[in-house]
Amino acid sequence: MATYNIFLLPGDGIGPEVMTEVEKVAAFMGQAGLASFNFERGLVGGAAYDAHGASISEDHMALAQAADAVLFGAVGGPKWDAVPYDVRPEAGLLRLRKDLALFANLRPAICYPALADASSLKREIVEDLDIMIVRELTGGVYFGEPKQIIDLGNGQKRGIDTQVYDTYEIERIGRVAFELARKRKNKVTSSEKRNVMKSGVLWNEVITALHKREFPDVQLEHQLADSLGMQLVRWPKQFDVIVTDNLFGDMLSDVAAMLTGSLGMLPSASLGETNPKTGKRKALYEPVHGSAPDIAGKGLANPIAMIGSFGMALRYSFGLGEAADMIEKAISNVLASGLRTADIKGDAASYVSTTVMGEAIVAELKALVG
Ligand code: NAD
């Protein structure tokens, strides 16, 4: 059985609390002979600032580079509001994304039937929803130059951001989306604003050509990003994989997130390019939520987003799809049994702690393994 090296960066607030539950899941998988993991632990965010005066130390960056995958909790909190901008907690996450060249952000939006009533949309619209948003993460308007505010000298200023995409950036994110679709329902919806943006025209052309050349077996459709936003809340189940740029992906993935009810339920993966020699790719897995300082230390955090992120690591970094399916099934069964953390309790009279939820998922895994 192969051993996978995972670098754990629990971070701040509820990060360490939810990471502890992942370690229990991983320990069980080791005992059950499903997989074997070697964990190293590091500091990131406010915790790293307190220890080293940086949001991540060079030593811990090197460990992140060397690992088979990084599991990241969350960073930030009021304690570090006044630290210098360059070493603020969030800078640690941005550095990881940049140095590991994580250009593909995968955000699944899954609505477990037991939680369909927690969505702001009607049950029939969201029940059993399973879509994947693939967002380009290292290009586009967030990074394009020029990016500045110019003083026009007449009492006016001009703010400039530049939306810029090169062919290779669109091709590599498109490839991630098409490959994912092949393992799902075989459909990709590509989204841009080609009606008003040149980068959208190029995006559309490149995705269309890539599809024709390498993925003709996958169904491809194009939707303008504004219309896609509308369709996401009208009938989200029409989608399988959605691929879009950094800006639209940022917004559309948040819309999709809310279809599923709670931030505490949402995992994510950020992937780099596959090394042709080793077949491996850099990857970081993290829940979508932040450090939730309002509930930190109270045992109230929902560990499902963090455990789901670990499940994504099994699937996308280690090729352990069956083990990942088992984790999703265990989560689904525990929710169906009625167990709830506070964030997803809805009208229920009681709720359980982070630890009880984590241990219930491990117990369910044991039952599934038999
Ligand atoms: P947040 O996601 O931390 O919390 C938003 C709300 O959701 C809070 O009420 C919180 O209690 C609740 N919540 C979040 N995760 C939960 C979970 N697992 N279980 C139960 N409830 C949960 O966002 P915020 O309040 O805007 O930010 C708090 C801090 O986190 C800030 O310092 C922010 O910069 C940081 N942040 C970090 C990341 C990250 O590390 N990737 C992402 C977003 C925010």
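1. Ligand shell. In this predicted model, 21 residues surround the ligand, and those that come nearest are Glu90, Gly290, Ala292, Asp294 and Asn302. By class, the shell divides into 10 nonpolar, seven polar and four charged residues.

2. Polar contacts to the ligand. Three of the nearest residues also supply short N or O distances. The side chain of glutamate 90 places an N or O atom 2.7 Å from an oxygen atom of the ligand. Alanine 292 contributes through its backbone: an N or O atom there lies 2.7 Å from a ligand oxygen atom. With asparagine 302, a polar backbone atom is 2.8 Å from a nitrogen atom of the ligand. The ligand has 800 Å² of accessible area on its own, and the protein covers 67% of that area. Two elements give two or more residues to the shell, namely strand S3 (69–74) and helix H4 (89–99).

3. Helices H1 and H12. Helix H1 (residues 15–31) packs with helix H12 (residues 354–369) at an angle of about 15°, the axes being 9 Å apart. An angle under 35 degrees counts as roughly parallel, so H1 is roughly parallel to H12. The crossing in which H1 passes H12 is right-handed.

4. Helices H6 and H7. For helix H6 (residues 167–182) and helix H7 (residues 198–214), the axes come within 9 Å and the crossing angle is roughly 50°. H6 and H7 are therefore oblique to each other. The sense of the crossing is right-handed as H6 passes H7.

5. Helices H10 and H11. Here the axes are 7 Å apart, and helix H10 (residues 304–316) packs with helix H11 (residues 321–336) at about 160°. Angles over 145 degrees count as roughly antiparallel, so H10 is roughly antiparallel to H11. H10 and H11 have a left-handed crossing.

6. A cis peptide bond. Most peptide bonds are trans. The bond that runs from glutamate 145 to proline 146 is cis, and its omega is near 0°. Proline 146 belongs to strand S6, which spans residues 144–151. Anyone preparing a topology from these coordinates will find the cis bond at the step from glutamate 145 to proline 146.

7. A positive phi. Most residues other than glycine have a negative phi. Aspartate 128 is not a glycine, yet its phi is positive, at about 65°. In which loop does aspartate 128 lie? The loop is the one between helix H5 (123–126) and strand S5 (130–136).

8. Points to check in the viewer. For the ligand, the atoms to display are the side chain of glutamate 90, the backbone of alanine 292 and the backbone of asparagine 302. For the backbone, the places to look at are the cis bond before proline 146 and the positive phi of aspartate 128.

Terms used
Residues are numbered from 1 along each chain as its sequence is written. This is a predicted model: local features need pLDDT of at least 70, side-chain atom pairs count only at pLDDT 80 or more; totals for chains, interfaces and linings use all residues. Side-chain values use heavy atoms; hydrogens and water are left out. A residue is near a molecule or strand if one of its heavy atoms lies within 4 Å of it. A polar contact is a pair of N or O atoms within 3.5 Å; within protein, one must be able to donate a hydrogen and the other to accept it, and residues adjacent in sequence count only if both atoms are side-chain atoms. Accessible areas come from the Shrake-Rupley method with a 1.4 Å probe; for residues, only the protein chains shown count as cover. Helices (H or I, at least four residues) and strands (E, at least two) are DSSP runs, numbered from the N terminus. Ala, Val, Leu, Ile, Met, Phe, Trp, Tyr, Cys and Pro count as nonpolar, Asp, Glu, Lys and Arg as charged, and the others, Gly among them, as polar. Axes are lines fitted to C-alpha atoms, for helices over the stretch in contact, and angles run from 0 to 180 degrees between N-to-C directions. Angles under 35 degrees count as roughly parallel, over 145 as roughly antiparallel, 65 to 115 as roughly perpendicular and the rest as oblique. A crossing is left-handed if the near helix is turned anticlockwise from the far one by less than a right angle, and right-handed if clockwise.
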